[in-house]
Amino acid sequence: MGYIGLPTACMMANNGFSVLGIDVNDEIINKLNSGHLHIEEPDLEEVFKKAFYEKKLSVSKQVKKCDVYIIAVPTPVKKNNKAELKYVVEAAEMIRDFVSEGSLVILESTSPPGTTRNIVGDIITKKTGLIAGKDYFLAFCPERVLPGKIIYELINNDRVIGGIDEKSANLAKEVYGSFVKGNMHLTTLETSEFVKLAENTYRDINIAFANEIADICEDYKINVWDVIKFANMHPRVNILNPGPGVGGHCIAIDPWFILENINRKDTLIEKCRNINNARPYIISKKILNILNESKNPKVTIFGITYKENVGDTRESPALEIMEVLTKNGVNVNVYDPVVTNFKGKLQNLEDSLKDSDLLLLFVGHEQYKSVSLNYIAGLMRNKNIFDTRNFYSQAEVEKTGLKYFRI
Ligand code: SAJ
């Protein structure tokens, strides 16, 4: 019942299915069973309340016999850059006793190619003797939704569905067809697993390119944002944005899964991953340089989440930068009106800026647009802004006497 399972369960429950949502976490189950959400996502509350109060969705720790089983558990990356598949294994073990002839099992979790067939399929076959594609049906259908737009994208995005055979893919298409308005494209298990990884890796590589040219532009003393703006006027160029690093639970992880079961060295994929991984440290260095002159430096962070307008801090580059700064004796204050899962201390706007030497804009939440630059400048001790997202206009910043640094 996480970021993907819960919205998917709600959509199915509101479109003709009776849905049993399973989670291993008591706190989540209790919260959902009392009619409350444990995650924040636009429009989720409405679809959840409808499903829950119309009794189409119930939540439990205990699996029961169903017609369709969908696994949407996390697949994080381990320290050795391999996929952590233990939650997939645990979920497959939880359902295997209930799978019977004619059941449909779908994996949604992003996984290295081969996982649906060789892990989920094998776990079920070993226990039940049932063969995927013969006795029961097995499919992979990756989630592709953007946090912050999950409900909209669940309905409107195209889906790629891989089946162990055609019948499995077609049955999964029927299930998702209850609420998906996008097209559904059918293929093999391994192709669909790879497609998901290719999508996120494509984005990672393109962000790495943006980050690299940002550094090169700095060497040339050229404004990278102008370069990108003008280059993107070409009909076949679409350069992404440089930033303080790549966070979240997907883009920074999935490229490793592509490389998992193959023996290739010196790949573009790995190089780009390393460029993006190093990004928070490069940015930290720039920050420490700006603070060089300040005694007992104090900085203010605007935006601690992994990207703008979402509350999630998972793999947030801002957290890594914060750690480096703290280790270097910098007093770090955070003002983030959007964050939901931050374990550190948050400050109100005024306290975060009072006597600060440097404002660090890490992600451009909408709310920051209404904070006046004059107000910011009035509170700070040394008037510096380091804008890592091209959020502010340099001219507007400089009008207030603030010094403007950008990527
Ligand atoms: N970022 C940049 N520059 C950019 C774009 C993003 O630095 O030009 C950074 C963001 O600030 C953030 C990170 O990259 O830290 C990732 O953000 P994102 O918006 O690119 O992606 P996610 O992780 O929120 O969602 C992605 C999406 N994948 C693609 O766009 C290919 C989404 O569709 C997937 O469903 C999701 O991963 C997932 O769950 O796999």
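Which of the 20 residues around the ligand come nearest? The legends below take up this question and then turn to the two sheets of the predicted model.

**Figure 1. The residues around the ligand in the predicted model.** E143, K196, N200, R203 and Y306 come nearest to the ligand, out of the 20 residues around it. By type, the shell around the ligand contains nine nonpolar residues, seven charged residues and four polar residues.

**Figure 2. Polar atoms of R144, N200 and N241 beside the ligand.** An N or O atom in the side chain of N200 is 2.7 Å from an oxygen atom of the ligand. For R144, a backbone N or O atom lies 2.9 Å from a ligand oxygen atom. N241 also has a backbone N or O atom beside the ligand, and here the partner is a nitrogen atom of the ligand, 2.8 Å away. On its own the ligand has 780 Å² of accessible area, and the protein covers 89% of this area.

**Figure 3. An open sheet with mixed pairing.** Five strands make up this sheet, in the order β3-β4-β5-β6-β7. Its edge strands are β3 (68–71) and β7 (184–188), and each of them pairs on one side only. On average, neighbouring strands of the sheet are turned by 25° against each other, with direction ignored.

**Figure 4. The pairing of β3 with β4, and the helix α5.** Four bridges link β3 to strand β4 (residues 104–107), and the two strands pair in the parallel sense. Within this pair, L107 in β4 is the residue opposite I71. Helix α5 (residues 115–128) packs on the sheet and touches β3, β4 and β5 (137–140). The direction of α5 makes about 145° with that of β5.

**Figure 5. Helix α8 across three strands.** Helix α8 covers residues 189–220 and lies across β5, β6 (159–163) and β7. This helix runs at about 120° to β7.

**Figure 6. An open sheet with parallel pairing.** The order of the five strands is β9-β8-β10-β11-β12. At the edges stand β9 (331–335) and β12 (403–406); each has a single partner strand, so one side of each is left without a neighbour in the sheet. Neighbouring strands are turned by 20° against each other on average, direction ignored.

**Figure 7. The pairing of β8 with β9, and the helix α12.** Strand β8 (residues 298–302) runs parallel to β9 and is joined to it by five bridges. K298 stands opposite N331 in β9. Helix α12 (residues 317–327) packs on this sheet, where it touches β8, β9 and β10. The directions of α12 and β9 make an angle of about 150°.

**Figure 8. Helix α11 across three strands.** Residues 268–290 form helix α11, which lies across β10 (358–361), β11 (384–387) and β12. Helix α11 runs at about 170° to β11.

Conventions: Residues are numbered from 1 along each chain as its sequence is written. This is a predicted model: local features need pLDDT of at least 70, side-chain atom pairs count only at pLDDT 80 or more; totals for chains, interfaces and linings use all residues. Side-chain values use heavy atoms; hydrogens and water are left out. Two strands pair if DSSP finds at least two bridges between them. Axes are lines fitted to C-alpha atoms, for helices over the stretch in contact, and angles run from 0 to 180 degrees between N-to-C directions. Contact means heavy atoms within 4.5 Å. A residue is near a molecule or strand if one of its heavy atoms lies within 4 Å of it. A polar contact is a pair of N or O atoms within 3.5 Å; within protein, one must be able to donate a hydrogen and the other to accept it, and residues adjacent in sequence count only if both atoms are side-chain atoms. Accessible areas come from the Shrake-Rupley method with a 1.4 Å probe; for residues, only the protein chains shown count as cover. Ala, Val, Leu, Ile, Met, Phe, Trp, Tyr, Cys and Pro count as nonpolar, Asp, Glu, Lys and Arg as charged, and the others, Gly among them, as polar.
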